[in-house]
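Welcome! Take a moment to turn the model around on your screen, and then use the notes below to find your way through it.

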Amino acid sequence: MILTILDWFYPLFKKYLPRQTYNYAACGGANTAFDILLYFVTYNFILKKQIVDLGIVAISPHIAAFAFVFPITFTSGFLLSKYITFTESNLRGRIQLFRYGLTVFGSIVLNYLLLKFFVEVWGFYPTISKIMTTVVVVGYSYVCQKYFTFKIKIHESA
């Protein structure tokens, strides 16, 4: 169903984007919008902008919202990348998942550092900070996924 929807809109972008880049942008954009929506709802309505006190540590609400949303969008992002965007990759699924995890770990570090910086140093509103952080992380993620996580393994012939 997702491919059918993407196929329907692709002619509008065909002159400007190769198919894989278009699929990445569409799937990544949808997953990012989903991530931001979940983050907004979690931060504002589930956590109610309150510090999460776990007894031994207190977590700021903008970081707790990120931690809550992450497993959901990790899963949806991997599935969209594997089955919609980077379908040509001939690496085993478990290798892709491991590499995806490494790439996402880098994204987590970037997300954490940039959210802390934008919210706590510059004093920006958390949802706006999340959007700005996402712009940086998307560029990093695309390069890593295309050339590392879902690369095409070239078989050497004897």
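Let's begin inside helix 5, where the buried residues are Pro126, Thr127, Ser129, Lys130, Thr133, Thr134, Val137, Ser141, Tyr142, Cys144, Gln145 and Thr149. Keep in mind as you look around that this is a predicted model. The cover over the buried residues of helix 5 includes helix 2 (19-46), helix 3 (61-85) and helix 4 (93-121).

**The chain as a whole**

- The protein chain holds 5 helices and 2 strands. Starting at the N terminus, you will meet them in the order α-α-β-β-α-α-α.
- Measured out along its principal axes, the C-alpha trace would be described as spanning about 60 × 40 × 30 Å.- The chain has 158 residues, and 37% of them count as buried.
- Take the contacts between residues at least 6 apart in sequence: 65% of these join residues at least 24 apart.
- About 9900 Å² of the protein chain is exposed, and carbon and sulfur atoms supply 71% of that area.
- There are 14 positive and 6 negative side chains, and the centres of these two sets lie 5 Å apart.

**A closer look at helix 5**

- Helix 5 covers residues 126-149, which makes 24 residues. Its end C-alpha atoms are only 30 Å apart, whereas a straight helix would reach 34 Å at 1.5 Å a residue.
- Is Ser129 buried or exposed? Ser129 counts as buried because its relative accessibility is 0%, and the cut-off for buried is under 20%.
- Setting aside neighbours within four places in sequence, Ser129 is in contact with Leu115, Phe118, Val119 and Phe124. Of these partners, Leu115, Phe118 and Val119 are among the buried residues of helix 4.
- Ser141 also lies in helix 5 and is buried, with a relative accessible area of 11%. Not counting residues up to four places away in sequence, Ser141 touches Tyr24 and Ser107.
- Val143 is another residue of helix 5, but Val143 is partly exposed, with a relative accessible area of 46%. The C-alpha atoms of Val143 and Thr103 are separated by 9.8 Å, although the two residues are 40 places apart along the chain.

**Helix 4, a partner of helix 5**

- Helix 4 has 29 residues and reaches 40 Å from its first C-alpha to its last. That is close to the 42 Å expected at 1.5 Å a residue.
- Which residues of helix 4 are buried? They are Gln96, Arg99, Tyr100, Thr103, Val104, Gly106, Ser107, Asn111, Leu114, Leu115, Phe118 and Val119.
- The cover over these buried residues includes helix 2, helix 3 and helix 5.
- After helix 4 comes Gly123, which has a positive phi, near 75°.

**Nonpolar cores**

- In soluble globular proteins, nonpolar side chains tend to be buried together.
- The largest nonpolar core here has 8 residues: Tyr24, Phe74, Phe78, Phe86, Tyr100, Val104, Tyr142 and Phe150. Helix 3 and helix 4 each supply at least two residues of this core.
- A second, separate core has 7 residues, among them Tyr39, Tyr43, Phe66 and Leu115.
- Tyr24 is a good residue to click on. Leaving aside neighbours within four places in sequence, Tyr24 is in contact with Gly29, Thr85, Phe86, Val138, Ser141, Tyr142 and Gln145. Phe86 and Tyr142 belong, like Tyr24, to the largest nonpolar core.

**The end of helix 2 and the loop that follows**

- Ile46 lies in helix 2. Not counting residues up to four places away in sequence, Ile46 touches Val41 and Phe68.
- The C-alpha atoms of Ile46 and Ala65 are separated by 8.7 Å, and the two residues are 19 apart along the chain.
- Lys48 sits in the loop between helix 2 and strand 1 (52-53). Lys48 is not a glycine, yet its phi is positive, about 50°.
- Lys49 lies in the loop between helix 2 and strand 1 as well. Lys49 is not a glycine either, and its phi is positive at about 60°.
- How do these two lysines stand with respect to the surface? Lys48 is exposed, with a relative accessible area of 54%, while Lys49 counts as partly exposed at 45%.

How values were computed. Residues numbered from 1 in each chain as written. Predicted model: local features only at pLDDT ≥ 70, side-chain atom pairs only at ≥ 80, totals over all residues. Heavy atoms only, no water. Helix = DSSP H or I, 4+ residues; strand = E, 2+ residues; numbered from the N terminus. Expected span 1.5 Å × (residues − 1). Buried < 20%, exposed > 50% of the residue type's maximum accessible area, 1.4 Å probe, protein only. Contact = heavy atoms within 4.5 Å. Areas by Shrake-Rupley, 256 points an atom, 1.4 Å probe, with all protein chains shown as cover. Lys, Arg positive; Asp, Glu negative; His and termini not counted. Charge placed at Lys NZ, Arg CZ, Asp CG, Glu CD. Core = buried A, V, L, I, M, F, W, Y, C linked by side-chain atoms within 4.5 Å.
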